[in-house]
Amino acid sequence: MGTGSAYGKVILLGEHAVVYGVPALAVGIDRGVRATAKPLGHGPSALSMKGWGISVDEDDAASDLAGAFRALLGAVRRDRPRLGAHLLEIEADLPPGGGLGCSAAMGVAIARALDGHCSDGVLQERAMAWERVFHGNPSGIDAAVSASGGCAFFRKGEGLQALRVRGALHLCVASTGSASGTKTMVDGVMRFRARAPQVVDDAFEAIRGLVHAARSAIESGDWLSLGRLMDRNQTLLGKLRVSTPEIERICSVARDAGACGAKLTGAGGGSSVVALVTSSVVAQDVLAAWKAAGFDGFETRVAQPPPRTQAIESETAP
C-alpha cells in the first residue's frame with residue numbers, strides 16, 4: 001500500500017498572465033489532498049473520492065475524471081510497466097473549482113501514492129498528464145506548488161524558484177460560493193486577447209512588473225507593499241474580465257476589515273479570494289467581516305516543508 005499527499009495552492013500574483021510566459025508567485029497552503037493506493041488482485045484500477053460520493057475506474061469512457069485517471073496511470077506505467085491494478089482512495093480539504101488547486105493536488109497525491117520515490121520533476125509531469133485532461137493547456141504552476149509547498153516564483157517552462165519568506169505570511173481565503181472552470185476562463189481570456197490584443201498584452205506586462213516587485217516585498221517581509229501590489233493585480237484582472245461583483249465585494253470587505261490587500265486567486269469567474277493580513281488577530285477580523293457579509297472563509301499559512309510519503313514497495317506482475 002502506498003500513500004501520498006499534496007498541498008492546495010494560492011496564487012498571490014500572476015494568474016492568467018502565467019499561461020503566456022509571465023511569471024507568477026504562488027504558495028502552498030496547509031490544506032490539501034491525501035491519497036492511498038491499495039493493490040487489487042486484478043484490474044482495472046479504480047478511483048474513489050471519499051466524501052464526494054464519486055467512484056470511477058480507468059476503463060470508464062464517458063468521464064473526464066476517468067480520463068484524467070487513465071492518463072496519470074499511463075504516465076506512471078511508462079516508467080513502471082509492472083505496476084498492477086490499485087484502488088486509489090482520496091480525501092480532500094479543498095473545494096473543487098475553488099481556485100485552490102484541488103485538481104492538481106489530487107493528481108500529485110495519486111502520483112505520489114503510486115510511486116513516491118520518483119523525482120519532483122517526474123512527479124509533476126505525471127500530475128500534468130492528469131491536469132491536461134481537465135484544463136487543456138495548464139501553465140503547470142498548480143502541480144508544481146502542490147508538490148513542493150512553500151512560496152515560489154514560477155515561469156512556464158522553467159519550473160519553480162523557491163523563495164525565502166521573511167517572517168510569517170498570514171492569509172485568509174474566502175469562497176464566492178460558486179465554482180469556476182479553469183479551462184473555460186483561460187479560453188475566455190484567449191478570445192478576449194484575439195479581439196483586443198493590445199489591452200490584454202498591456203495588462204500582462206503590467207502584471208509582470210507587479211510580480212517582480214512582489215517578489216522583492218516577500219523576500220524583505222514588506223507586507224504593506226505586497227498587499228498594495230495584490231490590489232493592483234486585482235484591478236488588472238478586472239480589466240481581463242475574469243473578476244465578478246462577488247469577488248470585488250469580498251475584496252472590499254477584507255480591505256475594510258484591515259487586510260493589506262485582496263484579490264481573486266485562480267481562474268476567476270467565481271472561485272476564491274485571497275487576502276493578506278499581518279497577524280492572526282487581523283485574520284479573525286477579516287473572517288468575521290466576511291461572515292457578516294455572507295461569505296465563508298478560513299485562515300491559512302504557507303505549508304512547509306514538503307509532505308512525507310510512503311511509496312509502494314512492491315509491484316505486481318502484469
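Helices and strands are named here as DSSP runs, numbered from the N terminus, with at least four residues for a helix and at least two for a strand. With these names, Pro44 can be placed in the loop between strand S2 (24-39) and S3. The structure is a predicted model. In this model, the peptide bond that leads from Gly43 into Pro44 is cis, its omega being near 0 degrees.

Strand S3 (46-49) also belongs to the surroundings of helix H1, whose buried residues pack against it. Helix H1 covers residues 64-79, which is 16 residues. From its first C-alpha to its last, H1 reaches 24 Å, close to the 22 Å expected at 1.5 Å a residue. The buried residues of this helix are Leu65, Ala66, Gly67, Ala68, Phe69, Leu72, Leu73, Ala75 and Val76. Besides S3, they pack against strand S4 (54-57), strand S5 (86-92), helix H2 (102-114) and helix H3 (120-135).

Helix H2 leads on to a helix pair. Two packed helices are described by the angle between their axes and the distance between the axes. For H2 and helix H4 (residues 141-148), the axes come within 8 Å and cross at roughly 55 degrees. Angles of 35 to 65 degrees fall outside the roughly parallel and roughly perpendicular ranges, and H2 is therefore oblique to H4. The crossing of these two helices is right-handed. On the H2 side the meeting residues are Ala104, Ala105, Val108 and Arg112, and on the H4 side they are Asp142, Ala143, Ser146 and Ala147. Sorted by class, this contact has five nonpolar residues, one polar residue and two charged residues.

Ala147, one of the H4 residues that meet H2, deserves a separate word. Is Ala147 buried or exposed? Its relative accessibility is 0%, and Ala147 therefore counts as buried. The C-alpha atoms of Ala147 and Val200 lie 31 Å from each other, with their positions 53 residues apart along the chain.

The later part of the chain can be entered through helix H7 (223-239), which is followed by a loop that runs to H8. Gly238 is found in H7, and with a relative accessibility of 33% it counts as partly exposed. Gly238 and Leu40 are 198 residues apart along the chain, and their C-alpha atoms are separated by 49 Å. In the loop between H7 and H8 lies Arg241. Although Arg241 is not a glycine, it has a positive phi of about 70 degrees. Because its relative accessibility is 58%, Arg241 counts as exposed.

Beyond this loop, helix H8 (residues 245-256) packs with helix H9 (residues 280-292) at an angle of about 135 degrees, the axes being 9 Å apart. That angle makes H8 oblique to H9. The crossing of H8 and H9 is right-handed. Which residues make the contact? Ile250, Val253 and Ala254 come from H8, while Val286, Ala289 and Trp290 come from H9. By class, the contact has six nonpolar residues, with no polar and no charged ones.

Ala254 of H8 appears again among the contacts of Ala262. Ala262 is found in strand S9 (residues 261-265) and, at 0% relative accessibility, counts as buried. When neighbours within four places in sequence are left aside, Ala262 is in contact with Met230, Asp231, Gln234, Cys251, Ala254, Arg255, Val273, Val274 and Ala275. Its C-alpha atom is separated by 9.6 Å from that of Ile247, a residue 15 places away along the chain.

The loop between S9 and strand S10 (272-277) holds Ser271. Like Arg241, Ser271 is a residue with a positive phi that is not a glycine; for Ser271 the angle is about 60 degrees. What is the status of Ser271, buried or exposed? Its relative accessible area is 1%, and Ser271 is therefore buried, whereas Arg241 is exposed.

After S10, the loop that leads to H9 contains Ser279. With a relative accessible area of 24%, Ser279 is partly exposed. Ser279 and Ala168 are 111 residues apart in sequence, and in space their C-alpha atoms are 8.4 Å apart.

Notes
Residues numbered from 1 in each chain as written. Predicted model: local features only at pLDDT ≥ 70, side-chain atom pairs only at ≥ 80, totals over all residues. Heavy atoms only, no water. Axes fitted to C-alpha atoms, helices over the stretch in contact; angles between N-to-C directions. Parallel < 35°, antiparallel > 145°, perpendicular 65-115°, else oblique. Left-handed = near helix turned anticlockwise from the far one by under 90°. Contact = heavy atoms within 4.5 Å. Nonpolar A, V, L, I, M, F, W, Y, C, P; charged D, E, K, R; others polar. Buried < 20%, exposed > 50% of the residue type's maximum accessible area, 1.4 Å probe, protein only. Expected span 1.5 Å × (residues − 1).
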